[in-house]
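Trainee: I have a structure open and a list of terms I do not trust yet. Can we go through them one by one?

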Amino acid sequence: MHAELDKSVPQIGAPQVWDAGYTGKGVTVAVLDTGIDSGHPDLAGKVTAETNFTDSDSATDHVGHGTHVASTIAGSGAASDGKYKGVAPDAHLMNGKILGDYGVGYDSWIIAGMEWAASNGADVVNMSVGACCGADGTDPLAQAVNQLTAQYDTLFVIAAGNSGEGGIGTPGVADAALTVGAVDKADQLADFSSRGPRPNDFAVKPNVTGPGVAITAARAAGTTLGSPVNDYYTTADGTSMATPHVAGAAALLAQARPGLHASALKNVLASTAIDGGYSWREQGTGRVDVARAVKQGVYASAALDFGSLDTAQTPVERELTYTNQTNSPVTLNLDSALEDRQGKPVANLTLSAATVTVPAGGEATVTASIDRANYPLGIFGGAITANGGGVQLRTAVGFGQFGAKDVTIKVTDFAGKPYDPPTGVLLIQDTYNHDNPLGFQAYGLGTENGVATAKVPAGTYTLMANVGEVDPSTGIFSRVSLLMKADVTIAADATFTLDAATTVPVNQPAVPRDVAVRSHVGSLIHQSPNGSSYESTWADFAASGKALPVFVSPSRSAAVGTVSLSDYWLLAQPKPLKAMPNYPDYYTDAPAYSYHLAFGYPNGIPARIQHKVKRGDLVEAPTRYHAENPDAVIAVSELAMPSHVSQGYFYYPYMMIRPGDVTQYYLADSQWHWLRNITMWTHPEQVQSNPTFRMSSGDRFMDSQAGTRRDLENWFDAPLHVGTVEVADNFLDYYQKNTSDVGRSATYARGGADGNEFVPATELMDNSPGHSTSDGIGGNWSEEWRGGGWASWQMWNAKTGTTLAPDHKYSSDWPVFHLSAEPATYRLQQDETYPSFADGLFGTRPKSTTVWTFSSKASNAQVPAGYNCARLGGGNPLTDPSADLTCQFQPLIQLRYELGLDIHNRAPSGRQHHFTIEAGSHSGAAGRAPVKQLTVDYSTDGGHTWLKGTVAGNPKDRAGNQQFSVRVKLPRLSSTDGSVWLRVKAEDANGGTVTQTIQRAYLLK
């Protein structure tokens, strides 16, 4: 689908307005976002003021989001010969950077930016930002919108959010905001576009929609947002893209109708919108049509919000105003239609008149009324239409009632006193019905003087809160209580108490050796009958060396849903703690041993929580953390996920250590899936800043493995190399159960819409099975390497020599190549050159070239379990069956090196060096064949001289791959350049080959 600005801008009628002489000239639009690349040709001379409210070093855009938005509003299209011109190309822009270089920002940054924009003359403020979800308009961001609109007469145009039925984000829920949903080029509502109404009072949100699917606009220099088209443009989706279309429309309208107040701009754009056939809570009044808005001259109120009818004793009335800015009176015929949440017609509202004449240059009002007696419990809305004299107007309507009960929740501390300072309380409606929702599934409440209040429908609820108590003598936390009440029935107004004095301690488990706590995470998880999970979590990373005491509410098994406790401990040999200079944490030398323990209570929490762990309960996992930089710091982060809940899991507990050998003990328990993320920083002073490097893996420690010892596991052992990862067999069921993560992306794979697209691998791997820079486990930090251009690919038909052109149709980070529909043999070359920022991480900083030949033919076979086809355009088939595509691994030979290196990736010089190389294609590859032959050449003088290594005997079979024993004779260190280069060639029984040359593969000592 393509809806570039050359299509989406005409879609809202902007060219007709330009033809009438209005291009946004003299109007100022503030873009509050990730910054703007003011050096982009489309934005040259556009930015008249800028301020950075973040912790970034400048107001420029390092994400790409703000630049894309800015050019949609006012871009000149200079880099595309005018093709990608913005909606209001002559408007001025203000650049308020409120989101940092990772695309997030604090409320204080955002509010400061809003105040700056409004007080410095912005006519319109574009905010393609938001916090999801469920806000009711009383939060600080929404209140700031209302206050600043009233004070400065500034129109805030704000994205509805991309959460679908998850609800509208703040500040888009603000009364004064013109809140924008998204449609595609055919005016079809985008699946991701957040639906309303606003919680509690059922106010109309979003107010309008705009084009927000596959929008091509300016690309900030050095960024990879969306799907880049070229150096100057990229394509992206979201209500973030729809919002600047509407902000640009507001700029055109402000020039065409000087003197219109912010509220009038909102009313004009909303009441003249085009009905897309969607409900009031999906589209508001419809898709903005700025041509109609400018031409028509008559407008109406954007929305009539009747609120909650629960306490209404008489019919509720609202005044509907029609305004005529023309020189002739206009007579309008009025009509209305209302429906419930499912779209079924319901009783109509009452209008005081069926027609209304609006005088020239004047106003007329009509009274609309609703009687609660005509409606059952539920959510209702629709539109009031007005037509006549060539005028077409729509006003959205929203209201509801859910039999609200007044609930008071008191939170008391360990001494039984009201808990202060304010804390959050989660009130979960377990009898919530998605098909006919009353109220909301979860209410996030805040306490004042230890008390929270809410109006909720009758039903069965669970109450949760997290209380951290402060020692008055020190001013720091002394204990943490995770509070909960399950199976709470609310049939009338009621008061409940969450009392920390009734909690029980979560005791540190006893283990065989002397330990100190490095991390402790307690997670109280409630899972509703529909599978939705809610957590109250305390994560203590023990910077001081002592974990805070954690207490939890004991509970019998929940009758409705489940209430569970997940309890994770990372205990390690006591070592002196060393402070991080620029980060509030500590690190140690590598401990000789550590314990990684996860305990779970699937439904119900006992009154005594104490575990004694014996050696026979554990899996011993010797581990070596390598780093060529002796100053490096390793963050060992783990996510333990219980199988007894579908989604709930911990934050990442961790310990920070120097490189070294650690004997790690894991509790053998098949119910836990472990996601491990190991991050390397160059130095303690550079923690949380570049350069960094992270690898991940998934693992399980089964009941049957209790008391056993694993082989040595190496992290970051040289040489790093490209490949496609193998998911551990015992981890596959994690992907089969988890609908939010359907596995690792298949690479070296064939598939796509026509079955003939091939995608190479982009992940880097060390040499332990399952380790890689990750796209599916624990985030994807390999993007910073791909974005730095570290890899390049070339591909040919091996028989004809025909070059296959790379196609970045799915991402700028990786290409796909289009293969023949007929069986053929191909040659693929991948070159890897590590980016310059890797110097501080890798003393080797290897450069490699790998060339494969392999045969391939089309197939309809499904991708193996544990993998997905996302790199070839596939989606999540568990949540979107229409996105499911087939793909198959191809038989490219991968090499894995077991070099037996020390922690700094060095081998002894001046002697023979024995090591192994494992060769074979992915276990799920079509046409896989055993590797029959392997040769090794090596160089110790920078590639000037190559020697032959000795490959001994026949290879050993290892999990379907072949393992070859290799021997090389290394000269004394003084006769080398300090490193070993490797050139490995292998061939399988089907004639597939690989040649891999790695410069500075490992170091010598």
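Mentor: Start with handedness. A crossing is right-handed if the near helix is turned clockwise from the far one by less than a right angle, and left-handed if anticlockwise. Keep in mind that this is a predicted model.

Trainee: Which hand does the crossing of H3 and H6 have?

Mentor: H3 passes H6 in a right-handed crossing. Helix H3 covers residues 65-74 and helix H6 residues 239-256. They pack at an angle of about 35°, with axes 8 Å apart.

Trainee: Which residues of H3 and H6 make the contact?

Mentor: On H3, they are His65, His68, Val69, Thr72 and Ile73. On H6, they are Ser240, Met241, Pro244, His245, Ala247 and Gly248. By class, the contact has five nonpolar, six polar and no charged residues.

Trainee: Now burial. Why does Leu819 count as buried?

Mentor: Buried means under 20% relative accessible area. Leu819 has 7% relative accessibility, so Leu819 counts as buried. Leu819 is in the loop between strands E49 and E50. Among the residues Leu819 touches are Phe758, Met795, Tyr826 and Ser856. The C-alpha atoms of Leu819 and Ser856 are separated by 8.6 Å, and the two residues are 37 apart along the chain.

Trainee: What makes Arg676 and Glu713 a salt bridge?

Mentor: The cut-off is a side-chain nitrogen of Lys or Arg within 4 Å of a carboxyl oxygen of Asp or Glu. Arg676 and Glu713 meet at 2.9 Å, N to O. That passes the cut-off of 4 Å. Arg676 lies in strand E39 and Glu713 in strand E41, so the pair ties together parts 37 residues apart in sequence.

Trainee: Why do Arg676 and Glu713 count as buried?

Mentor: Use the 20% limit again. Arg676 has 4% relative accessibility, so Arg676 counts as buried. Glu713 has a relative accessible area of 12%, so Glu713 is buried.

Trainee: Which residues are linked with Arg676 in a network of salt bridges?

Mentor: Asp699, Arg710 and Glu713. Arg676 and Asp699 meet in a salt bridge at 3.2 Å, N to O. The structure holds 25 salt bridges.

Trainee: Last one. Which residues touch the most other members of the largest nonpolar core?

Mentor: Among them are Phe758, Met795 and Leu934. This core has 77 residues. Its largest share, five residues, comes from strand E62. A second, separate core of 59 residues includes Ile36, Ala70, Tyr233 and Ala302.

Notes:
Residues are numbered from 1 along each chain as its sequence is written. This is a predicted model: local features need pLDDT of at least 70, side-chain atom pairs count only at pLDDT 80 or more; totals for chains, interfaces and linings use all residues. Side-chain values use heavy atoms; hydrogens and water are left out. Axes are lines fitted to C-alpha atoms, for helices over the stretch in contact, and angles run from 0 to 180 degrees between N-to-C directions. Helices (H or I, at least four residues) and strands (E, at least two) are DSSP runs, numbered from the N terminus. Contact means heavy atoms within 4.5 Å. Ala, Val, Leu, Ile, Met, Phe, Trp, Tyr, Cys and Pro count as nonpolar, Asp, Glu, Lys and Arg as charged, and the others, Gly among them, as polar. A nonpolar core is a set of buried Ala, Val, Leu, Ile, Met, Phe, Trp, Tyr and Cys residues joined through side-chain atoms within 4.5 Å. Buried means under 20% relative accessible area, exposed over 50%, partly exposed in between (1.4 Å probe, protein chains only). Lists of a residue's contacts leave out its neighbours within four places in sequence.
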